Amino acid sequence: MKRRRFTKKDWLRHGLAELSAIGAEAVKLEAICKSAGLTRGSFYHHFDDHEAYLTELAAQWFETQTSAIASEIDPSTSVITQSETLTQAALAIDYRLELGIRELGRRLPAVADIVRHADARRLAVLSDLYQRRYGLDKEDAATFAYLEYATFSGIILLDPNIDEARQRTLAAFYDATVAKSLGREN
């Protein structure tokens, strides 16, 4: 039985899965070819070089873990519903993949640029929600967004395998604390 040919999408899906499961070492050229059970020739059929592959891997991560999540926010719903939608989507993010991409970003400037773009997009979405939900000016909304994002990022560093129930508890506590501190309890 002939094996189906690996497509460019297959290489990217496989790379993201390996990056999440094992980390940055898993997407080195030799390692990714070995784990896919394919040759360098198959790899180079789809990518000009390894750096191009890692850059496309980061672009795919951006699409799935930033753009797709931002697009889930329905502007026709209440700002509370939009905030809840964002929280639910953030809880579904693959934390181990976040760590892997950020490690690649420390090694490769093109990936670092994509990570910075993702961070900026995520912060802009959060800041907008803070402005509309709590009536904050741009500067204060940006500060609250940054603190929330730093908290989210810190949780990833502390416990990339955190279970969903614990995530939900922390998210609810954080949201209630912010609302109370702003004098706008929900």
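Hi everyone. Before we look at anything, one definition: a residue is called exposed when its relative accessible area is over 50%, and buried when that area is under 20%. Please keep in mind that this is a predicted model.

Let's put those words to use on helix α2, residues 29–36. Which of its residues are buried? They are Leu 29, Ile 32, Cys 33 and Ala 36. If you look down the axis of α2, these buried residues fall within an arc of 100°, so they line one face of the helix. Now turn to the face that points away from that buried side: there you'll find the exposed residues Glu 30 and Lys 34. And what do the buried residues of α2 pack against? Their partners are α1 (8–21), α3 (40–46) and α4 (50–71). Just after α2 comes Gly 37, which has a positive phi, near 70°.

From there, let's move to the nonpolar cores. The largest one has 27 residues, and the members that touch the most others are Trp 11, Tyr 53, Leu 57, Trp 61 and Leu 104. Helices α1, α2, α4, α6 and α7 each contribute at least two residues to this core. The largest share is from α4, with 6 residues. Let's pick out Leu 104 for a moment. Setting aside neighbours within four places in sequence, Leu 104 is in contact with Leu 19, Ala 24, Val 27, Leu 54, Leu 57 and Val 111. There is also a second, separate core of 24 residues, and among them are Ile 73, Leu 136, Tyr 149 and Phe 152.

Next, a pair of residues on two helices. Ser 127 is in helix α7, while Thr 143 is in helix α8, residues 138–158. They sit 16 residues apart along the chain, and their C-alpha atoms are separated by 8.0 Å. Buried or partly exposed: what would you call each one? With a relative accessible area of 11%, Ser 127 is under the 20% cut-off, so Ser 127 is buried. Thr 143 has a relative accessible area of 42%, which lies between the two cut-offs, so Thr 143 is partly exposed. Beyond its neighbours within four places in sequence, Ser 127 is in contact with Lys 138, Ala 141, Ala 142 and Ala 145.

Now for the empty spaces. Rolling a probe the size of a water molecule over the atoms shows where such space is left. The largest pocket has a volume of about 790 Å³. Its lining is made of 36 residues, and those nearest its centre are Leu 86, Thr 87, Ala 90, Leu 126 and Glu 148. Two or more lining residues come from each of α4, α5 (79–91), α7 (109–134), α8 and α9 (164–181). Sorted by class, that lining has 21 nonpolar, 8 polar and 7 charged residues.

The second largest pocket has a volume of about 180 Å³. Its lining includes Glu 98, Arg 102, Asp 119, Tyr 146, Tyr 149 and Phe 152. You may recognise Tyr 149 and Phe 152, which we met in the second core. The elements giving two or more residues to this lining are α6 (95–107) and α8. Which element gives the most? That is α8, with 7 residues. By class, this second lining divides into 7 nonpolar, 1 polar and 4 charged residues.

That's my tour. Thanks for listening!

Methods. Residues are numbered from 1 along each chain as its sequence is written. This is a predicted model: local features need pLDDT of at least 70, side-chain atom pairs count only at pLDDT 80 or more; totals for chains, interfaces and linings use all residues. Side-chain values use heavy atoms; hydrogens and water are left out. Buried means under 20% relative accessible area, exposed over 50%, partly exposed in between (1.4 Å probe, protein chains only). Helices (H or I, at least four residues) and strands (E, at least two) are DSSP runs, numbered from the N terminus. The arc is that of the directions from the helix axis to the C-beta atoms. Contact means heavy atoms within 4.5 Å. On a 1 Å grid over the protein atoms alone, a cavity is a set of points where a 1.4 Å probe fits but cannot get out, and a pocket is an open set with protein on both sides within 12 Å along at least five of seven lines; lining residues have an atom within 4 Å of a point. Grid points are joined across faces, edges and corners, and a volume is the space filled by probe spheres set on the points. Ala, Val, Leu, Ile, Met, Phe, Trp, Tyr, Cys and Pro count as nonpolar, Asp, Glu, Lys and Arg as charged, and the others, Gly among them, as polar. A nonpolar core is a set of buried Ala, Val, Leu, Ile, Met, Phe, Trp, Tyr and Cys residues joined through side-chain atoms within 4.5 Å.
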